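Here is a walk through a small set of coordinates, starting with the overall picture and ending with single residues. Keep the viewer open as you read.

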Amino acid sequence: MALEMRDRCERCTTAELPYDAPARICSYECTFCVPCTEAMAGVCPNCGGELVARPRRAVGA
């Protein structure tokens, strides 16, 4: 079961997040850009969980 690699920040919706870009996710795969994660103090607004670095996937994988 692979992670769903979302391509936009769920908070600002303008930050593009390609597979190889830095992003943050929670255990439910909510996805945010780094600036939004910092503004939210590393806490997911949807579930209250910790936001951690999303693993990078090679482009084309």
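Start with the radius of gyration: a compact globule of 61 residues would come out near 10 Å, and the protein chain has 11 Å, so the two agree. Bear in mind that this is a predicted model, with local features reported where pLDDT is at least 70. If you prefer a box to a radius, the C-alpha trace spans about 30 × 25 × 15 Å along its principal axes.

What about the inside and the outside? Of the 61 residues in the protein chain, 33% are buried. The accessible surface adds up to about 4000 Å², and carbon and sulfur atoms own 52% of that. Contacts also reach across the sequence: among those with a separation of 6 or more, 44% join residues that sit 24 or more positions apart.

Secondary structure is quick to list. The protein chain has one helix and three strands, and read from the N terminus the order is β-β-α-β. Strand E1 covers 24-25, strand E2 covers 31-32, helix H1 takes 34-39 and strand E3 takes 52-53.

Now for the charges. With 7 positive and 8 negative charges in the protein chain, the mean positions of the two sets are 2 Å apart. How many salt bridges does a search of the whole structure find? There are three.

Two of these can be read together, since Glu4, Arg6 and Glu10 are linked in a network of salt bridges. On one side, Glu4 pairs with Arg6, with the closest N and O atoms 3.1 Å apart. On the other, the side chains of Glu10 and Arg6 meet at 2.7 Å, N to O. How open are these residues to solvent? Glu4 has a relative accessible area of 47%, so it is partly exposed. Arg6 has 24%, which also makes it partly exposed, and Glu10 lands in that class too, at 33%.

The remaining pair is Glu16 with Arg8, where the closest N and O atoms are 3.9 Å apart. That still counts because the cut-off for a salt bridge is 4 Å. Here Glu16 is exposed, with a relative accessible area of 60%, whereas Arg8 is partly exposed at 37%.

Stay with Glu10 for a moment. This residue is found in the segment before E1, yet its contacts go well beyond that segment's neighbours in sequence. Which residues does Glu10 touch, not counting those up to four places away in sequence? They are Glu29, Cys30, Thr31, Phe32 and Asn46. A C-alpha distance tells a similar story: Glu10 and Cys33 are 23 residues apart in sequence and 8.2 Å apart in space.

One of those contacts, Glu29, deserves a look at its backbone. Glu29 is not a glycine, but its phi is positive, at about 70°. You'll find Glu29 in the loop between E1 and E2. Is Glu29 buried or exposed? Its relative accessible area is 19%, and buried means under 20%, so Glu29 counts as buried.

Thr13 is another residue other than glycine with a positive phi, near 55°. Thr13 is in the segment before strand E1. Its relative accessible area is 49%, and exposed means over 50%, so Thr13 is classed as partly exposed.

Last stop: Gly42, in the loop between helix H1 and strand E3. At 19% relative accessibility, Gly42 counts as buried. What is in contact with Gly42, leaving aside its neighbours within four places in sequence? The list is Thr37, Gly49, Glu50 and Leu51. For one more distance to check in your viewer, the C-alpha atoms of Gly42 and Phe32 are separated by 9.8 Å, with their positions 10 residues apart along the chain.

Terms used: Residues numbered from 1 in each chain as written. Predicted model: local features only at pLDDT ≥ 70, side-chain atom pairs only at ≥ 80, totals over all residues. Heavy atoms only, no water. Buried < 20%, exposed > 50% of the residue type's maximum accessible area, 1.4 Å probe, protein only. Helix = DSSP H or I, 4+ residues; strand = E, 2+ residues; numbered from the N terminus. Rg over C-alpha atoms; globule rule 2.2 N^0.38 Å. Contact = heavy atoms within 4.5 Å. Areas by Shrake-Rupley, 256 points an atom, 1.4 Å probe, with all protein chains shown as cover. Lys, Arg positive; Asp, Glu negative; His and termini not counted. Charge placed at Lys NZ, Arg CZ, Asp CG, Glu CD.
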